[in-house]
Amino acid sequence: MDYILAPSILSADFLNLGRTIEMLNRSASDWLHLDIMDGVFVPNISFGFPVVKQVATATEKPMDAHLMIVEPDKFITRFRDLGIYSLTVQYEACTHLNRTLNAIREAGMKAGVALNPHTPIEVLTDVLDDFDMALVMSVNPGFGGQKFIPRTIDKVRRLRKMLDDRGLKTLIEVDGGVNLDNARQLVAAGVNALVVGNTVFKSPNPEAMIKSLKYDI
Ligand code: DX5
Ligand code: ZN
């Protein structure tokens, strides 16, 4: 099974971020997932532009930024200028989702839309052509290390069918509580990209865990 593995540095040791990025560069990971939180859309604050700017100078992997913030439109060009590859906004934070997704594409990035666990996948019906990746949240956004919500698998299947019916190759990413036990089922349901935080960074050997997640599931 081939899929994109995107470790989230939210769970990494920030005192040793440089070494973490070097490890990720030589690891079997594909993307680097950046969780940006504003303390308004989610009840937590993570990191912002100064950290992303430093990460950008060291990473050799495409940066996959997940904005858990209100008013993401304000920051699209700033993320583009930092070299972000794919920019994902939360559906629930966008009053004019079509406009926001178009603006991300016009800025030259892949456009992603993330859905909270309670948001039905069918809300994407009328914007299906307007994004390159859907991020199905498998925990309530805000924190690493939460328990995977099993109903996510059914959401992924429904979305894969919606995309297939329209002949779209749009990627599906899943984020939250992903581990060696549920990864196979997720990929079988139609997931193309797995975000992994705690499973990698709380493991005694993160580099070996990345390899297992990539090749042993
Ligand atoms: C949660 C974030 C996730 C998080 C995943 O709000 O969007 O990317 O870092 O962490 P784990 O894999 O530990 O659930
Ligand atoms: Zn995320």
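This passage describes the surroundings of ligand 1 and the salt bridges in a predicted model.

We can begin with the ligand and its neighbours. The shell around ligand 1 holds 20 residues, and those that come nearest are Asp-35, Gly-142, Gly-145, Asp-175 and Gly-177. Sorted by class, this shell is made up of eight nonpolar, ten polar and two charged residues.

Several of these neighbours make polar contacts with the ligand. The side chain of Asp-35 places an N or O atom 2.7 Å from an oxygen atom of ligand 1. Backbone atoms take part as well: a polar backbone atom of Gly-145 is 2.8 Å from an oxygen atom of ligand 1, and a backbone N or O atom of Gly-177 also lies 2.8 Å from an oxygen atom of the ligand. Taken alone, ligand 1 exposes 380 Å², and 100% of that area is buried by the protein. The space that ligand 1 takes up is the largest pocket.

Which elements give two or more residues to the shell around ligand 1? They are three strands, namely E2 (32-37), E3 (63-68) and E8 (193-196). Strand E2 provides the largest share, with three residues.

Turning from the ligand to contacts within the protein, a search of the whole structure finds eleven salt bridges. One of them joins the side chains of Asp-30 and Lys-214, with an N to O distance of 2.8 Å. Asp-30 lies in the loop between helix H1 (17-26) and strand E2, whereas Lys-214 belongs to helix H8 (residues 206-215), so this pair ties together parts that are 184 residues apart in sequence. Strand E2, which follows the loop of Asp-30, is also the strand that gives three residues to the shell around ligand 1.

Methods: Residues numbered from 1 in each chain as written. Chains lettered and ligands numbered in written order. Predicted model: local features only at pLDDT ≥ 70, side-chain atom pairs only at ≥ 80, totals over all residues. Heavy atoms only, no water. Near = heavy atom within 4 Å. Polar contact = N/O pair within 3.5 Å; in protein donor to acceptor, adjacent residues only side chain to side chain. Areas by Shrake-Rupley, 256 points an atom, 1.4 Å probe, with all protein chains shown as cover. 1 Å grid on protein atoms, 1.4 Å probe; cavity = no way out; pocket = protein on both sides within 12 Å on 5 of 7 lines; lining within 4 Å. Sits in = over half its atoms within 2 Å of the grid points. Helix = DSSP H or I, 4+ residues; strand = E, 2+ residues; numbered from the N terminus. Nonpolar A, V, L, I, M, F, W, Y, C, P; charged D, E, K, R; others polar. Salt bridge = Lys/Arg side-chain N within 4 Å of Asp/Glu carboxyl O.
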